[in-house]
Amino acid sequence: MSNQNHTDKQEFNITVYTENHIGLLNRIAIIFSRRKINIESLNTSPSEVEGIHRFSILIKESEEVVRKIAGQIEKQVEVLKVYYNTNEEVIWQEMALYKVPTDVIAERAVVERLLRENGARAVVIRKDYTVFETTGHREETDNLIKVLEPYGLIEFVRSARIAIIKDSEGFHKKLQEFEQSEPGHEVVENEYLSSREKVFTM
Amino acid sequence: MLTKEKQVAASPEQTKTISGAEALILALLEEKVDTIFGYPGGAIMPVYDALFDYTDKLNHVLVRHEQGAIHAGQGYARSSGKVGVVFATSGPGATNLVTGLADAQIDSTPLVCITGQVFAHLLGTDAFQETDILNITTPVTKWNYQVTDANEIPEVMAKAFYIAKSGRPGPVLIDISKNAQLQKFDFAGYTPCKHIRSYRPKPIVRHEYIAQAAEVINQAKKPFVLWGQGVMLGSAEKEFRTFIEKSGIPAAWTILGAGALPSDHPQNVGMLGMHGNYGPNVLTNECDVLIAIGMRFDDRVTGRLDKYARQAKIIHLDIDPTEIGKNVPVAVPVWGDCKETLPLLTELVEAKEHTDWLQLFREYNDREIEAVIQEELFPTSEELTMGEVMQQLNEQTAGDAIVVSDVGQHQMVACRYARLNHTRSNITSGGLGTMGFALPAAIGAKFGTPDRTVVAVIGDGGFQMTLQELGTIMQSGVDVKLLILNNQFLGMVRQWQELFHDRRYSFVDIASPDYVKVASGYGISGKSISKREELKDALQEMLSHKGSFLLEVMVTKENNVFPMVPQGCSVSEIRLK
Ligand SMILES: Cc1ncc(C[n+]2csc(CCOP(=O)(O)OP(=O)(O)O)c2C)c(N)n1
């Protein structure tokens, strides 16, 4: 248990831009597990910039904890930038798939109405089963579970949350900053470490 | 994959066909490595084979256990300021490095560890001596990488050195599959790494924070400086001293910071933390401005956080932004290399003498001398104390030795009482508290700074954890002085049992072999003493002996280290007895 007050906790969407590097998922994941923080949802995908990956991570924590975690993630060598945002600051979606027996649903439900009301669409219709899909916030995708349960819902799966920060211009511009400073003085080596003789005498 | 760094394209006549293993050795030479600590095995044999042709340029020290190799690498790095280099084979060789990696990570020690790995086509098959060392070491390295293609070796090595030593230094592990070591490829030369797109080792200094810090300091009535190893890691000893002397502020140190300002500097008011000095601990809760420089507010330093310096405005200078505000709320964050930030701050602070405030530290110090120090350093009881051994050592080395301490009571005594005139003279396992550290670290420290006297101060418990490294001393002929303070107990644990567990001495009574005989088996001279009359001469004999020497001093069995901030207490509740 962290000593943070439970009432401080809220959902935070962490966006991480990284180099595409094997092992980085593990490095990022242990930053959470070491502090006993549960990752509610995690998605990794290419970003709009070639060669740069984007992690979307959802956790429920206080802002104080999230700020520190974000710093620790950004400290990893291959991580370019970390942002964290409340739900109000992002546009987010999750996708859900629902499998139901085709005969039941065809016989007993007014399928069209059901789909329209829930903003869903059929992805596959086979003799034995039908798969529907919805995309939306948690409550929205949850809704269709309730509706479909009486018709013998066979299987349900929901994706990780993906989120776009409302107030952001994407990563292209930021990346330019990173590359412009190459090898700008923001990133010079700690050259003093290798000139011991000159600086170490008192 | 690696980032697309711009490699200087070499013309065909500049390239030569060599093995991955040889490329690795050439990379080490390019990085001006002179010493490697290591232990061979099947998966790293091609590297050792390539090394065989370069033994005139690269000194390889064969240790007796990989833990010894990495602690030696740490001692080398800490004493010299250079990067420590370690070789180990796959599987058990690699896993034996884990303690040292964790130690180096928490104590910010630059290391490049090279481990062999099974052939790439065997990865993940539970092949002979295969372990997933990358995943095992991820939490305890600053960076790690697995190479399965020789072409990657030059670039990966360049990155490894750059990452290990830049910004907040730390350990890096490069795991190289055997096929990559054997593979011939066109080596186009070595380009040191100067930049990694996603890595910012140090920031642009923000002058507004410096100005703000200076303003806070200039208004302070009772400012207090706490410094840590960051001063040394940034090679900012001179800048630090200038700042201290101009501002007139009293300064206290964490054990890893010891030595950055000489022990007898009039503004050096002593050691912080659990077994630190009385004055600096109590007065932490009285100062109005606390200036933390290159230290990380470890819980051994702060005691109870909710009662730590609540009255003070805290200014924190650190190169690692995640340390600023991690444990204590900070009023002015000065993110940067203190080599750059300190001179800017010195420029803006007013020259002052905080005479009355400094005097207060001296008064507390007098109380500590009376209650603890006098009896520890000049005991009236018959038996020898650890403190008087340190006191004698100080007199005979005149404060010029490197003191490498292990972990336990003797460590706290060594850190408290060692006189240090020079920087990089106190080498100890601070953050991890690794018993068994001192003997191999002392070996490494001597290789790192051959012209200095290196004295390892070790407990009877810790010495038995890595005493096989006496074999390394024997074979390499390195000159280290081993001072065993034998209290016939796992003393620090016994102290806690005495104070907090009703003297229930559960498994802390540890027997020792005849250390002098053990040493003699390794061809190392030694002596054991238990009487005060013998101390002076024995130390003299040890220090003047040509080559390594083991001196065992039998000390009081049940002595406690005081002052002490009991766990869960605030620093101002520090106990004198
Ligand atoms: C590898 C390791 N195991 C256990 C400990 C816990 N520990 C801390 S101090 C100590 C006792 C050390 O005894 P000794 O080396 O005899 O030194 P002394 O305290 O007597 O000076 C122990 C067991 C540790 N720090 N490191």
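Me: Helices here are DSSP runs of H or I with at least four residues, strands are runs of E with at least two, and both are numbered from the N terminus. Which helices of chain B each supply at least two residues of the shell around the ligand?

Reply: Helix H17 (409-417), helix H19 (460-463) and helix H21 (491-500) of chain B each do. This is a predicted model, where local features need pLDDT of at least 70 and side-chain atom pairs pLDDT 80 or more, while totals for chains, interfaces and linings use all residues. Residues are numbered from 1 along each chain as written, chains are lettered from A and ligands numbered from 1 in written order, and side-chain values use heavy atoms, without hydrogens and water.

Me: Which residues come nearest the ligand?

Reply: Of 18 around the ligand (a heavy atom within 4 Å), Gln409(B), His410(B), Gly433(B), Gly462(B) and Gly491(B) come nearest.

Me: What lies 2.9 Å from a ligand oxygen?

Reply: A polar side-chain atom of Asp460(B). Polar backbone atoms of Gly462(B) and a backbone N or O atom of Gly491(B) are each 2.8 Å from a ligand oxygen.

Me: How much of the ligand is buried?

Reply: The protein buries 76% of the 590 Å² that the ligand exposes taken alone (Shrake-Rupley, 1.4 Å probe).

Me: Different topic. What is the strand order in the open sheet?

Reply: E16-E15-E17-E18-E20-E19 in chain B, with parallel pairing (at least two DSSP bridges between two strands). Strand E16 (426-428) and strand E19 (525-529) of chain B each have a single partner strand, so one side of each lacks a neighbour in the sheet.

Me: Where does Ile529(B) stand?

Reply: Opposite Val553(B) in E20(B). E19(B) and E20(B) pair over five bridges.

Terms used:
A polar contact is a pair of N or O atoms within 3.5 Å; within protein, one must be able to donate a hydrogen and the other to accept it, and residues adjacent in sequence count only if both atoms are side-chain atoms.
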